[in-house]
Amino acid sequence: MQDVGVGLYPSMSLLNHSCDPNCVIIFEGYQLLLRSIREIQIGEELTISYIESLMPTSERQKQLKRQYCFECDCCLCQDQEKDAKKLAGEEPAWKEVKDAVNEVKYPKSKEEWEKVLAKCQHLLSSHTSHLPDTNIYQLKLLDCAMDACINLEAWEQALCYGSRTLGPYRLYYPDFHPLRAVQLMRVGKLQYSQGMLPQALGTLKQKPLSGVMCLQNTGSLTSHLKLYITVGVFFFPWTTCCFKKCQAHSCVLPTVLC
């Protein structure tokens, strides 16, 4: 998450926090919108996460206490079942990866990206048998390596790292979470760039992308994908995406700026 400004939205400030929320906040220009990310039962409270949820319970509790002065007692904090998966693997290994990921600042040059990629590749090869991809710090390392490859235009390597993140993203984020949508779109674009048209279409048709995209019943597979992989400006929370209106179906097709 990157801070890009400050806004005052009184009605949305009434929303309570949950580490396992049923809604997310997105922006369309200056307008703030509340979107559900899973089925909501009648009478169920609408909640959002005030913080990045991809952390173990102890770290989420510390951040909430420090920043918002309360202790969370949501179902995720009470159960803590996912903590074992988030911190799977050998502790010395994930602590080393955690420190390395936290040290990465957004690179501004090709040389800096090359250093980031080299560091990521060294850690990934060193801990192949020590950390599963479901470990949240290993997942963040894979994301970092993917970003480095994209910025260095190493598309095949980027796809390799990105493909490994889809399983953990499915585990930790609900079907219609925008972060899952962004990751699916990134991987789909990379598959398309490598000429993997059937695989790209399969990725782009997955939830949550299937809910915002249209697919024609006629025409070639290539034409379908060219309809998906398009250019414009569209905003998901915490990332920049782009869109182009589909003239035939009057719907918006988002894609991620690599």
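**Group meeting: helices, cores and ring pairs in a predicted model**

Just after helix 1, Cys69 takes a positive phi of about 60 degrees. I start there, and I will work outward from helix 1 to the rest of the chain. Please keep in mind that this is a predicted model.

First, the overall layout. The chain has ten helices and seven strands. It counts 258 residues, and 42% of them are buried. If you take the contacts with a separation of 6 or more, 56% come from residues 24 or more positions apart.

Back to helix 1, then. It covers residues 57-68, which is twelve residues. At 1.5 Å a residue the helix should span 16 Å, and its end C-alpha atoms are 16 Å apart, so the two agree. Which residues of helix 1 are buried? They are Thr57, Arg60, Gln61, Gln63 and Leu64. Looking down the axis, these buried residues fall within an arc of 165 degrees, so they line one face of the helix. On the other side of helix 1, Lys62 and Arg66 are exposed. As for what covers the buried residues, the list includes strand 1, at 16-17, helix 2, at 75-79, and helix 3, at 83-86.

Helix 1 also takes part in a ring pair. A search of the whole structure gives seven aromatic pairs. One of them is Tyr50 with Tyr68, a tilted pair, 5.0 Å centre to centre and with 50 degrees between the planes. Tyr50 sits in the loop between strand 4, at 47-48, and helix 1, while Tyr68 is in helix 1 itself, so the pair ties together parts that are 18 residues apart in sequence. Tyr50 is partly exposed, at 24% relative accessibility. Tyr68 is partly exposed as well, with a relative accessible area of 33%. The pair Trp94 and Tyr137 is stacked, at 5.6 Å centre to centre and 20 degrees between the planes. That pair links distant parts of the chain, with Trp94 in helix 4 and Tyr137 in helix 6, 43 residues apart. Both Trp94 and Tyr137 are buried. To finish with the rings, Tyr50, Tyr68 and Phe70 are linked by ring pairs into a cluster.

Next, the nonpolar cores. How many residues does the largest nonpolar core have? It has 36, and those with the most contacts inside it are Leu141, Met146 and Tyr161. Five helices are worth naming here: helix 4 (91-103), helix 5 (110-126), helix 6 (136-151), helix 7 (155-172) and helix 8 (178-193) each supply at least two residues of this core. Helix 6 gives the most, with eleven residues. Take Leu141 as an example. Leaving aside its neighbours within four places in sequence, Leu141 is in contact with Val97, Val101, Cys120, Leu123 and Leu124. There is also a second, separate core of eight residues, and Cys19, Ile51, Leu64 and Cys77 are among them. Leu64 is also one of the buried residues of helix 1.

Helix 5 can be read in the way I read helix 1. It has 17 residues and reaches 24 Å from its first C-alpha to its last, close to the 24 Å expected at 1.5 Å a residue. Its buried residues are Trp113, Val116, Leu117, Cys120, Leu123 and Leu124. These cover an arc of only 130 degrees around the axis, which puts them on the same side of helix 5. The elements covering them include helix 4, helix 6 and helix 7. Three of the names you just heard, Cys120, Leu123 and Leu124, are in contact with Leu141.

Last, the cysteines. How many disulfides does the structure hold? Zero. Cys72 is in no disulfide, and the nearest cysteine sulfur, that of Cys74, is 3.4 Å away. The cut-off for a disulfide is 2.5 Å between the sulfur atoms. Cys72 counts as buried, at 8% relative accessibility. For Cys160, the closest cysteine sulfur is in Cys149, at 8.6 Å, too far for a bond. Cys160 is partly exposed, with a relative accessible area of 46%.

That is what I have on the helices, the cores, the rings and the cysteines.

Technical notes
Residues numbered from 1 in each chain as written. Predicted model: local features only at pLDDT ≥ 70, side-chain atom pairs only at ≥ 80, totals over all residues. Heavy atoms only, no water. Core = buried A, V, L, I, M, F, W, Y, C linked by side-chain atoms within 4.5 Å. Buried < 20%, exposed > 50% of the residue type's maximum accessible area, 1.4 Å probe, protein only. Helix = DSSP H or I, 4+ residues; strand = E, 2+ residues; numbered from the N terminus. Contact = heavy atoms within 4.5 Å. Expected span 1.5 Å × (residues − 1). Arc of directions from axis to C-beta. Phe/Tyr/Trp six-rings, centres within 6.5 Å; stacked < 30°, edge-to-face > 60°.
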